[in-house]
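Colleague: Please take a close look at one part of this model for me, the nonpolar core, and explain each term as you go.

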Amino acid sequence: MPVEEFVAGWISGALGLVLGHPFDTIKVRLQTQTTYRGIVDCAIKIYRHESLLGFFKGMSFPIASIAVVNSVLFGVYSNALLALTATSHHERRAQPPSYTHIFAAGCAGGFVQSYFLAPFDLIKVRLQNQTEPRAGPGGPPPRYRGPVHCVTSICREEGPRGLFRGAWALVLRDTPTLGVYFLTYEWLCRQYTSDGQTPSSATILVAGGFAGITSWVSATPLDVIKSRLQMDGLKERAYQGVLDCMASSVRREGPGVFFRGLTINSARAFPVNAVTFLGYEYLLQAWG
């Protein structure tokens, strides 16, 4: 099993994470809280009450962990294609796999990575939802003092299973969505690259960016449900599961609730995934 795809995915995932985390913080707040009137209002309030550091809450933990998850995604995807087509990454330009194989390999990568991602993503969402500024003299302390304290608090208050709250929604979100992700990327690369040639940097950036937007458009409804389930249990249980969360959310807020955070998701998706794919492709070429 080639390991360079795992390493390239790890490094490129870390680059994308640093670039996209402020957008992700706004997205999570919009999906789980009703105190903001929109993206600009959310960004202003975060900056005013929590300073610039408020946009980077929860990043110290995923800077390593999410990079590992990205490594799993790209590694499983590439090795699934190897199993399906018997071609390595460097052979796939001359012998392009079918779109069916690409979609199936992407779904396999999404399914596997969701199990690795679930506890890390839950901790990130909990930390991002803390609206308190950094503890100062006389000020109220935040519920969680950091990633490790967050993990121990969840295990103590909700049990080890609490770390996997929202995991089913995550699996349902990522399995088909990442099939669409890789399918869109490969299709766009082929449209603007001669047969057998390596895509240019501009093509990789554009294809990666639009692959990110396409996948997040399809992922946002379940992303909303996933984020709400992850916050459920912080005070008291409000939802009995994925379907109950969907029904309750629609009943209280209407169908538009499923697209909360879509604009910021799309704005974040283009640069983050453009950089991720460019880093991934260049690293594999450098090691080729």
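Modeller: The chain exposes about 13400 Å² (Shrake-Rupley method, 1.4 Å probe), and carbon and sulfur atoms supply 66% of that area. This is a predicted model, in which local features need pLDDT of at least 70 and side-chain atom pairs count only at pLDDT 80 or more, while totals for chains, interfaces and linings use all residues. Residues are numbered from 1 along each chain as its sequence is written, and side-chain values use heavy atoms, with hydrogens and water left out.

The chain has nine helices and zero strands (DSSP runs, H or I of at least four residues for helices, E of at least two for strands), and 52% of its 288 residues are buried (under 20% relative accessible area). The largest nonpolar core, a set of buried Ala, Val, Leu, Ile, Met, Phe, Trp, Tyr and Cys residues joined through side-chain atoms within 4.5 Å, has 20 residues. Those with the most contacts inside this core are F74, Y77, Y181, F182, Y185 and F277. Two or more residues each come from α3 (62-85), α4 (99-128), α6 (167-191), α7 (201-231) and α9, and α6 gives the largest share, six residues.

Leaving out residues up to four places away in sequence, F182 touches L73, F74, Y77, I102, G106 and F277 (heavy atoms within 4.5 Å). Apart from the largest core lies another, of nine residues, including A169, V242, C245 and V257.

Technical notes: Buried < 20%, exposed > 50% of the residue type's maximum accessible area, 1.4 Å probe, protein only.
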